[in-house]
Amino acid sequence: MSETIVIIGSGLAGITVARELRRIERERPVVVVSADDGGFYSKPGLSNALAAGKSAAQLLLTPPAQLAAQLGVELRAHTRVERILPAEHLLQTGAGPLPYRKLVLAMGAHPIRLPLRGDGAGRVLSVNNLADYAAFRCALDGKSRLAILGAGLIGCEFANDLLAAGAEFEVEVFDPAPQPLGRLLPPKAAAFFRERLEAAGVRFHLATGIDEVREDGGRLRLMDGRAGAHTATHTADLVLSAVGLSPAVELARAAGLAVGRGIRVDRTLASSDPDIHALGDCAEVEGRVLPFVVPIMQQARALAKTLAGNPTEVVYPAMPVVVKTPACAAVVCPPPPDVHGVWREQADAGGVRALFEDAAGTAIGFALVGGAVREKQALSAKMPAWL
Amino acid sequence: MKQYQCIVCGYFYDENLGDPEHGIAAGTRWQDVPGDWSCPDCGVAKSDFEMVELA
Ligand SMILES: Cc1cc2nc3c(=O)[nH]c(=O)nc-3n(C[C@H](O)[C@H](O)[C@H](O)COP(=O)(O)OP(=O)(O)OC[C@H]3O[C@@H](n4cnc5c(N)ncnc54)[C@H](O)[C@@H]3O)c2cc1C
Ligand SMILES: [Zn+2]
C-alpha cells in the first residue's frame, strides 16, 4: 500500500498540518489536493484588507510553487475531490484517482446562503476566500450604498473596514438579533460596541430579517418579510452576506463517516475511520466546531505528531477571539457552551468588562470592549483550559 | 536587521518598533518578548513566528 499522506484542502488547516509534519519528518510523501489555486493567504486578513488598500494579489503570502517547495509536498491545485472510498483507501478527483495511506480532511466551511426570495438573490455576494475577495473588491467599484446581512464577527469587521476604506461608502448592517455580535457579547458590551461602530458610520438594522432581495433598476431592494406586507424596504448597490459558515461535510457524509455539525473527530482528530482525520473549519472536535485560527494551530500540531506515528491528543487552552474592528476594540473568550452561569458586566465611559461566572462564582469566560481589552492577557491566563 | 514574521497572517514584528499597544516597548529584542505575547493581528503564539533576514 502507498505510504502517502493525502491532505484535502490548502487553507490554514491543511497547510499547517503539512508544515508541522515537516518539522518532525521530511521523508514521508505528502500530497495536498486543493480545489483552489493552492496559494497561501491569511483568511483573517480578508476583512481588514480594503482599508489597507490591498488587492487580492497583495494578500497572497506564498504562491503555490514556492509553498510546495518550502513544505516538500506535492501540491495538486485546481483539483476537486469528488469522492472518498475509505475501504479502498482511494480518492476520486477531477484529475483521476488518488490512493492514500492516511487521509486528512481540511476542507473548510461554506458560507451559509439564506433562503432569500426574489430575482436579486443571485447577486448577493459572500467572502470566504481570496477569489471571493477579488470579486468583491472589483464589484465595489463605483458603488456607494452597501448592505451587509449578518451583524456577527465577519459582518461587523467588513462594515468597519468598508467605512475605513472610503468616504463614499454608506454601510447598513441587518440582523434578526437585537444586538450586534449576538452570539459573543452580553448586552452592555454589545451596546457599547454598537455605539462605537455607529459613531464610525455603521447603520444597524437589528431585529430585521431580510428574506427577499429584488432587482430594482440596477440597484437591489431588500425586504423584511416580518415587517408585514413588505413595507420596510431598503435599497443597496451591493449586498454582502455574512450570516455564518457551515462545515464542509458532504464528502465525509457520502463516505459514511460520522458527521454532526462538522466531521466528527475525537481528541486525536480521528474520524470514525481510523485512517481519516479532520481538522479546521470542517471538523467537530469532541462536539465543538471552532472555526478560528488558534484552535486550528493547536489541532495541526497534535495531528502532525499523530501522523508521524505518535498518537497525540489536541489540547485547547482558553482561546480568546479578537474582533478586528478598529472603531471598537473587542475580545471575547466564550464560556463553554454547556455550562450554566451569568454574565457580570462593569461598564464605564471607556469600555465594558464582562465576566461569565459559573454557579460557584468562578470566572470561566470574558468579553472586553473598548479600553477594557487591556486586560486580555491577564484574564486569559486565569481561564480554565477548554480541552 | 532581523524581523520576525507571523507564519499565519504575515504580520511583522520589528524589534525597533516593538508592539507598544500591547505592552512591548520599542526596541524590545525578540528573545525578550514574553512567551505569552500573541500576534496582534491573528492571535497565534510567539512560537508561530519565523525569523526573516531583511537586507
Ligand atoms: C473574513 C474572515 C475573517 C476571519 N477572521 C478571523 C480572525 O480574525 N481570527 C480567527 O481566529 N479566525 C478568523 N477567521 C476564521 C479563519 O480564517 C478560519 O477558521 C480558517 O482560515 C479556516 O481554515 P481551513 O483551512 O479550515 O479552511 P479554508 O481556508 O476554507 O480551506 C479549505 C480548503 O479546502 C479546499 N477544498 C474544499 N473542498 C474541497 C474538495 N472537495 N476538493 C479539494 N479541495 C477542497 C479549498 O479549496 C481550500 O483550499 C476569519 C474568517 C473569515 C472568512
Ligand atoms: Zn498573525
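**Exercises on two ligand sites**

In this predicted model, ligand 1 lies between two domains of chain A, because domain 1 (5–110 + 245–307) and domain 2 (113–241) both give residues to the shell around it.

**Exercise 1.** Determine which residues of chain A come nearest to ligand 1, and how the shell divides by class.

*Solution.* Step one is to list the neighbours: 31 residues surround ligand 1, and Asp36(A), Val81(A), Asp281(A), Val293(A) and Lys324(A) come nearest. Step two is to sort the shell by class, which gives 17 nonpolar, nine polar and five charged residues.

**Exercise 2.** Identify polar atoms of the protein that lie beside oxygen atoms of ligand 1, then state how much of the ligand is covered and which elements contribute to its shell.

*Solution.* Begin with the side chain of Lys324(A), which places a polar atom 2.5 Å from an oxygen atom of ligand 1. Turn next to the backbone: a polar backbone atom of Ser10(A) is 3.0 Å from an oxygen atom of the ligand, and for a backbone N or O atom of Pro291(A) the distance to a ligand oxygen is 3.0 Å. As for cover, ligand 1 has 1000 Å² of accessible area on its own, and the protein covers 92% of it. Finally, two or more residues of the shell come from each of α1 (12–24), α5 (153–165) and α8 (293–307) of chain A.

**Exercise 3.** Describe the donors and the geometry of the zinc ion (ligand 2).

*Solution.* First, name the donors: the SG atoms of Cys6(B), Cys9(B), Cys39(B) and Cys42(B) coordinate the ion at 2.3 to 2.4 Å. Second, read their spacing along the chain, which is C-x2-C-x29-C-x2-C. Third, inspect the angles among the four donor atoms; they are 103 to 116°, and the site is tetrahedral.

Key. Residues are numbered from 1 along each chain as its sequence is written. Chains are lettered from A and ligands numbered from 1 in the order in which they are written. This is a predicted model: local features need pLDDT of at least 70, side-chain atom pairs count only at pLDDT 80 or more; totals for chains, interfaces and linings use all residues. Side-chain values use heavy atoms; hydrogens and water are left out. A residue is near a molecule or strand if one of its heavy atoms lies within 4 Å of it. A polar contact is a pair of N or O atoms within 3.5 Å; within protein, one must be able to donate a hydrogen and the other to accept it, and residues adjacent in sequence count only if both atoms are side-chain atoms. Accessible areas come from the Shrake-Rupley method with a 1.4 Å probe; for residues, only the protein chains shown count as cover. Helices (H or I, at least four residues) and strands (E, at least two) are DSSP runs, numbered from the N terminus. Ala, Val, Leu, Ile, Met, Phe, Trp, Tyr, Cys and Pro count as nonpolar, Asp, Glu, Lys and Arg as charged, and the others, Gly among them, as polar. Domain bounds come from an automatic or database domain assignment. Donors are N, O and S atoms within 2.8 Å of the metal (3.2 Å for Na, K and Ca); water is not among the atoms, so sites may look incomplete. Four donors count as tetrahedral if all angles lie between 85 and 135 degrees; four count as square planar and six as octahedral if opposite donors are over 155 degrees apart and all others between 65 and 115; anything else is irregular.
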